[in-house]
Amino acid sequence: MTNDKMNITKNEWPLWEVFIRSKAGLDHKHAGSLHAADEQMAIENARDVYTRRMEGVSIWVVESKYIHASDPGESASLYDPANDKIYRHPTFYELPDEVKYM
Amino acid sequence: MPVHSFQEHFDSLIDREITIEPKDWMPDDYRKTLIRQISQHAHSEIVGMLPEGNWITRAPSLRRKAVLLAKVQDEAGHGLYLYSAAETLGITRDEMYNQLHTGKAKYSSIFNYPTLTWADMGAIGWLVDGAAIMNQVPLCRTSYGPYARAMVRVCKEESFHQRQGFEIMLTLAKGTEIQKKMAQDAFNRWWWPSIMMFGPTDAESPNTEQSVRWRIKRFTNDELRQKFVDVTVEQTKVLGLEMPDKDIKWNEERGHYDFGPINWDEFWNVVKGNGPCNKQRLDARKNAWDNGKWVRDAAMAHAAKRKAREGGVKAA
Ligand SMILES: [Fe+2]
Ligand SMILES: [Fe+2]
């Protein structure tokens, strides 16, 4: 069984993450993933799978194994330093009423 | 964190309608149930291409052919969105294919019925995609992030599927006597299997409560089935066709249409593999997979060769 399973997985085309810019001026956004033998096939497959209705003007593909993600279990400590710095927000500062636009 | 607090944290996310993401801790049963549900859904989209694929070369006009082709291509896309959502839970694509090809995983029984005439393309789009939409719209708010996002994409694309089917039915129903008969015949054959698509009655679905609690199901089978019956009866009036179920009757008290008894023996028989096309569908999938092996291998070999060549050039 283990052998079988390894065999199956070994033959699988690699997994790619697909990022799409929906129109000029916007960021690329994660759309999903797909399998392809190489980067060119990944882009062509991404066109067929994720942009059948002109959802994109530009496609990025990244092999999934190169994505590194933060650990949700550590989000408390990871984001903690940002928590107590409310002076980073404009609402922290009180302005006299006379100042109309700032 | 001790195990019980992982569970408590998970429960509180579910209760607050916060989405669960792939790297979050989740109970084993939640993961297993989702893998089963999402992969079966993916299989249904893929196998679901076969009955309609049967009519692409015989569509009555270029317009109908282009539309049907686009619709079937969408279903392939739906299968791919869903397979990749399932993969985020730790199952590989090949394992899922293997489960489909060995009969271990099921797909929607509706696709084990044959498509006998062009009117079946109308009935499938109208009824089968219609029933699927009813099932799928609530899943856009399901608790597992990758699944919910896949469903948002799927639902955006589905409404054209139902409309093109309804348009085919309407054209036939307003056509010649023979065309109208053809539409009615397709309606008669697809009606009961369509309302079976919502699955067994609530009394026969012991897992519904847990799935509703986990927000991977948002309405019960019977609730969705009733909703589908209610809207379809009204649409049938527009088509000018007859409901295949003679027991359909408005129930003032319930505010819903009553309908006749469903033949659950037939349903279970098809689920068990004895429907009219089970073998044909599975064989088609297996053949596609087996005969495509050399293409998959060749693509990998080509990619490896190119990489080696480019590596060589850079080193030189
Ligand atoms: Fe679909
Ligand atoms: Fe569809």
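**Figure 1. Salt bridges, counted over all chains.** Let's start with the charged pairs: this predicted model has 28 salt bridges over all chains. One of them joins the side chains of A:Arg52 and B:Asp74, with N and O 2.8 Å apart. This pair crosses between chains: A:Arg52 sits in the loop between α2 and β3 (58-63) of chain A, while B:Asp74 belongs to helix α4 (residues 62-87) of chain B.

**Figure 2. Salt bridges and polar contacts where chain A meets chain B.** Between these two chains, the salt bridge count is 6. Here we zoom in on A:Arg53 and B:Glu157, a salt-bridged pair whose closest N and O atoms are 3.4 Å apart. Look across the interface for polar contacts too, and 12 residue pairs turn up, with both partners at pLDDT 80 or more. Which parts of chain A supply at least two residues each to the side that touches chain B? They are α1 (2-11), β2 (28-35) and α2 (39-50). Of these, α2 of chain A gives the most, with 5 residues. As for character, the chain A side splits into 11 nonpolar, 5 polar and 8 charged residues.

**Figure 3. The whole contact between chain A and chain B.** Stepping back a little, the contact draws on 24 residues from chain A and 24 residues from chain B. Interface size is often quoted as the accessible area lost when the parts come together. For this pair of chains, that comes to about 2100 Å², and 51% of it is on carbon and sulfur atoms.

**Figure 4. The iron ion (ligand 1) and its donors in chain B.** Which residues hold this ion? B:Glu45 (OE), B:Glu75 (OE), B:His78 (ND1) and B:Glu158 (OE) are its protein donors, at 2.1 to 2.2 Å. The angles among the 4 donor atoms run from 83 to 162 degrees, and the site is irregular. Along the sequence, the donor residues follow the spacing E-x29-E-x2-H-x79-E. B:Glu45 lies in helix α2 (residues 28-47) of chain B and B:Glu158 in helix α7 (residues 145-173), so this pair ties together parts that are 113 residues apart in sequence.

**Figure 5. The iron ion (ligand 2), next door.** This ion is coordinated at 2.0 to 2.6 Å by B:Glu75 (OE), B:Asp129 (OD), B:His161 (ND1) and B:Glu158, whose OE is listed twice. The donor residues are spaced E-x53-D-x28-E-x2-H in sequence. Distant parts of the chain are linked here as well: B:Asp129 comes from helix α6 (residues 119-136) of chain B and B:Glu158 from helix α7 of chain B, 29 residues apart.

**Figure 6. B:Glu75 between the two iron ions.** How far apart are the iron ion (ligand 1) and the iron ion (ligand 2)? They lie 3.4 Å apart, and B:Glu75 bridges them. In other words, B:Glu75 coordinates both.

Technical notes: Residues numbered from 1 in each chain as written. Chains lettered and ligands numbered in written order. Predicted model: local features only at pLDDT ≥ 70, side-chain atom pairs only at ≥ 80, totals over all residues. Heavy atoms only, no water. Contact = heavy atoms within 4.5 Å. Buried area = accessible area lost by both parts, 1.4 Å probe. Salt bridge = Lys/Arg side-chain N within 4 Å of Asp/Glu carboxyl O. Polar contact = N/O pair within 3.5 Å; in protein donor to acceptor, adjacent residues only side chain to side chain. Helix = DSSP H or I, 4+ residues; strand = E, 2+ residues; numbered from the N terminus. Nonpolar A, V, L, I, M, F, W, Y, C, P; charged D, E, K, R; others polar. Donors = N, O, S within 2.8 Å, 3.2 Å for Na, K, Ca; no water. Tetrahedral: all angles 85-135°; square planar, octahedral: opposite > 155°, others 65-115°.
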